[in-house]
Structure formats: C-alpha cells, structure tokens
Amino acid sequence: MPQSIRTRSLTTGTVPIATLALALFVSSCGFHLQGRQPLPATFQYTYIDARDEQTDFVQDLRKALIMSNVNVIRTRGSSGATISVHSDELAERILSVSARNIPTEYELTYKVEFSVTSGSKALIDHEEISATRDISFDEAHLLAKEREREILREALARDLVALVMRRLAALPAAPAAASP
C-alpha cells in the first residue's frame, strides 16, 4: 500500500513540470493565439484610411488590430501608422453553365490593395492580395446559395486580414532613437 501512494505522488509531481515544459516549448516556437499578432511599436496608434469603412475586410482588420492591442484611432494626424485601403472589392466570375445556359458554378475573388506608412516613411508600398473560392449554384436552393455566398465573402475577408496581419507582424521594429 505505501508503494502505490509513493507512485501516485511521483506522477502528480511531474504533471506541473510537464505543463511548464510544454508552455515553454509552445512560447519559444513562435506560437500565438489565433487573431493575436504581436505588432511592432509603430502600430500602437494606427489609423485606417478606407473609402468604405463598412466592408467585411475593413471591419475585420479593425477587430484584428484591436485584438493585437493596437489603438485604432479615428484621426489621421495623431497616428503612429496609417493603413490605407486603396481597393476592396469582390468579383464574381462564371465557371460553368448547364445545358439550359444557366450558371452552375461561380468563382468568388476578394481583392484588396493596401499600403502602410509611418510618418512620411512607406513601410509597405501599394501591395495587392487576393483570395479565391469556388461556389456551386442551384436555382432550386436560391436562398441557401445566397447565404453560402455571404459566408464565403466573410471568410475570404478574414483570410485577407490574416495575411495583412502576418505581413504587419513581419515588419522590422523601428530603430530606437539615439540618446545624446
């Protein structure tokens, strides 16, 4: 009986050590929770310059920046960085048609052009990213297919925001000012 008690206490003592080792390994390999990208200090106060602030991409970009502890501000002059969204559009292209000449498959392409500046320095100069998905169409299920199209549009916007956030996180940190 005493031996089983000793064995049990030995295994429960290794659980905190294994947990600590796992946490150390995960943090050292660059793992971050989804949606939380550590950004350079330049982005502490960021302004988003977009023609339409209600698009899926701009709304998701704002949320992703906030989740990364960035203060998204409403005035351009007091920002550390400015993300300019030059183009934000969803294009639809017919891929196939039925024998009755009714579209049966579409390709949705969400394209965004953006640039990033800090003061007068361009950090990212006019970059274009896009994501594409195919969607089938059946006129018998029109409402369901419209909802599926909306869901795909939102998913494409989230994918593009993830690309932009990874791009921002990869930017080098601004050099520290030299002290006199």
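**Reading salt bridges and exposure**

Q: At 32% relative accessibility, how is D159 classified?

A: Residues are called buried under 20% relative accessible area, exposed over 50%, and partly exposed in between (1.4 Å probe, protein chains only). D159, at 32%, therefore counts as partly exposed. The structure is a predicted model, in which local features need pLDDT of at least 70 and side-chain atom pairs count only at pLDDT 80 or more, while totals for chains, interfaces and linings use all residues. Residues are numbered from 1 along each chain as its sequence is written, and side-chain values use heavy atoms, with hydrogens and water left out.

Q: How is a salt bridge recognised, and which residue does D159 meet in one?

A: The criterion is a side-chain nitrogen of Lys or Arg within 4 Å of a carboxyl oxygen of Asp or Glu. D159 meets R133 in such a bridge, at 2.6 Å from N to O. This pair connects distant parts of the chain, with D159 in helix α3 and R133 in strand β5, 26 residues apart. Helices (H or I, at least four residues) and strands (E, at least two) are DSSP runs, numbered from the N terminus. R133 is partly exposed, with a relative accessible area of 31%.

Q: Which residues are joined into one network by shared salt-bridge partners?

A: Salt bridges with common partners unite E53, R62 and R74.

Q: How many salt bridges does a search of the whole structure find?

A: The search returns 9. Among them, K111 pairs with E89, the closest N and O atoms lying 3.6 Å apart. K111 belongs to strand β4 (residues 103-118) and E89 to strand β3 (residues 81-97), 22 residues apart.
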